[in-house]
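Please look at the structure shown below and keep it in view while reading. The paragraphs that follow lead from one part of the chain to the next.

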Amino acid sequence: MYSSGNNRFGQLGLAIDNGVTERFTLVKSAFDGSGIKTITSGSRVTAIITNASTLWVAGNTPLAVDSGKFNLISLPGEKPSCRVTHVAIGMEHIIAVAGLW
């Protein structure tokens, strides 16, 4: 995956540099190794669902322990077999839909 643009909050999945990345830059993350199913982003956050239905986020959110890279997110109270199917990002929120199978 490649990203470009404002990276002030690490939302591109790159180390925070408080600037603009003017060229597409390779994001060095293997995620879970299954490939990327879908990407969604807001002004300060990017979220990825992989083909294995895991959720990864980067940017200005309490979910991202390290804002300058993508972080694997576990949904509270969910079992390991829980799979994320959809994610949406608003101005100051993230919504994830998950199910069991």
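A convenient place to begin is L26, a residue of strand β2, which covers residues 20-26. The model is a predicted one, and every value quoted here is computed from it. Is L26 buried, exposed or partly exposed? Its relative accessibility is 41%, so L26 counts as partly exposed; the class applies because the value falls between the limit of under 20% for buried residues and that of over 50% for exposed ones. L26 also takes part in a surface feature: together with Y2 and F24 it makes a nonpolar patch of about 380 Å².

Beyond β2 the chain enters the loop between β2 and β3, where F31 is found. The relative accessible area of F31 is 13%, and F31 is therefore buried. The backbone of F31 deserves attention as well, for its phi is near 50°, a positive value in a residue other than glycine.

The next stretch is strand β3, residues 36-41, followed by a loop that leads to β4 and contains G42. A hairpin joins the two strands, β3 and β4, through three residues. The strands run antiparallel and are joined by five bridges. One pair can be located directly in the structure: I36 stands opposite T50 of β4.

Two residues of the loop between β3 and β4 may be examined in turn. G42 has a relative accessible area of 29% and is thus partly exposed. Its C-alpha atom is separated by 12 Å from that of N7, although the two residues are 35 apart along the chain. R44 lies in the loop between β3 and β4 too, and with a relative accessible area of 41% R44 is partly exposed. Between the C-alpha atoms of R44 and N6 the distance is 8.8 Å, while 38 residues separate them in sequence. Which residues does R44 touch, if those up to four places away in sequence are not counted? They are F9, Q11, A58, G59 and N60.

Strand β4 itself comprises residues 45-50. This strand is mostly covered, since six of its six residues are buried. The side chains fall into two groups by direction: V45, A47 and I49 point one way, T46, I48 and T50 point the other way, and all are buried.

After β4 the chain turns back. β4 and β5 form a hairpin with four residues between them. In the loop between β4 and β5 lies S53, whose phi is near 65°, again a positive value in a residue other than glycine. The relative accessible area of S53 is 7%, so S53 is buried.

The strand reached by this turn is β5, residues 55-59, and five of its five residues are buried, so the strand is largely enclosed by the rest of the structure. As in β4, the residues are divided by direction: L55, V57 and G59 point one way, W56 and A58 point the other way, and all are buried. What lies beside β5? With β4 it pairs in the antiparallel sense over five bridges. Within this pairing, T46 has A58 as its bridge partner, and I48 has W56. Strand β6, residues 71-73, also runs antiparallel to β5 and is joined to it by three bridges. Here V57 has N71 as its bridge partner. Strand β5 is thus paired with β4 and with β6.

The strands can now be related to the interior. How many residues make up the largest nonpolar core? There are nine: V45, A47, I49, L55, V57, I73, V84, V87 and I89. Strands β4, β5 and β7, the last of these covering residues 82-89, each supply at least two residues of this core. Another core, of eight residues, lies apart from it and includes L12, L14, I48 and F70.

The two cores can be set beside the directions described for β4. V45, A47 and I49, which point one way from the strand, belong to the largest core. I48, which points the other way, is one of the residues of the other core. V45 gives a final view of the surroundings of β4: not counting residues up to four places away in sequence, V45 touches Q11, T40, A58, G59, N60, T61, I89 and I94.

Definitions and conventions: Residues are numbered from 1 along each chain as its sequence is written. This is a predicted model: local features need pLDDT of at least 70, side-chain atom pairs count only at pLDDT 80 or more; totals for chains, interfaces and linings use all residues. Side-chain values use heavy atoms; hydrogens and water are left out. Buried means under 20% relative accessible area, exposed over 50%, partly exposed in between (1.4 Å probe, protein chains only). Two strands pair if DSSP finds at least two bridges between them. Patches are made of residues with over 30% relative accessible area and no salt bridge: like charges are joined within 9 Å, nonpolar side chains (Val, Leu, Ile, Met, Phe, Trp, Tyr) within 5 Å. Accessible areas come from the Shrake-Rupley method with a 1.4 Å probe; for residues, only the protein chains shown count as cover. A salt bridge is a side-chain nitrogen of Lys or Arg within 4 Å of a carboxyl oxygen of Asp or Glu. A nonpolar core is a set of buried Ala, Val, Leu, Ile, Met, Phe, Trp, Tyr and Cys residues joined through side-chain atoms within 4.5 Å. Contact means heavy atoms within 4.5 Å.
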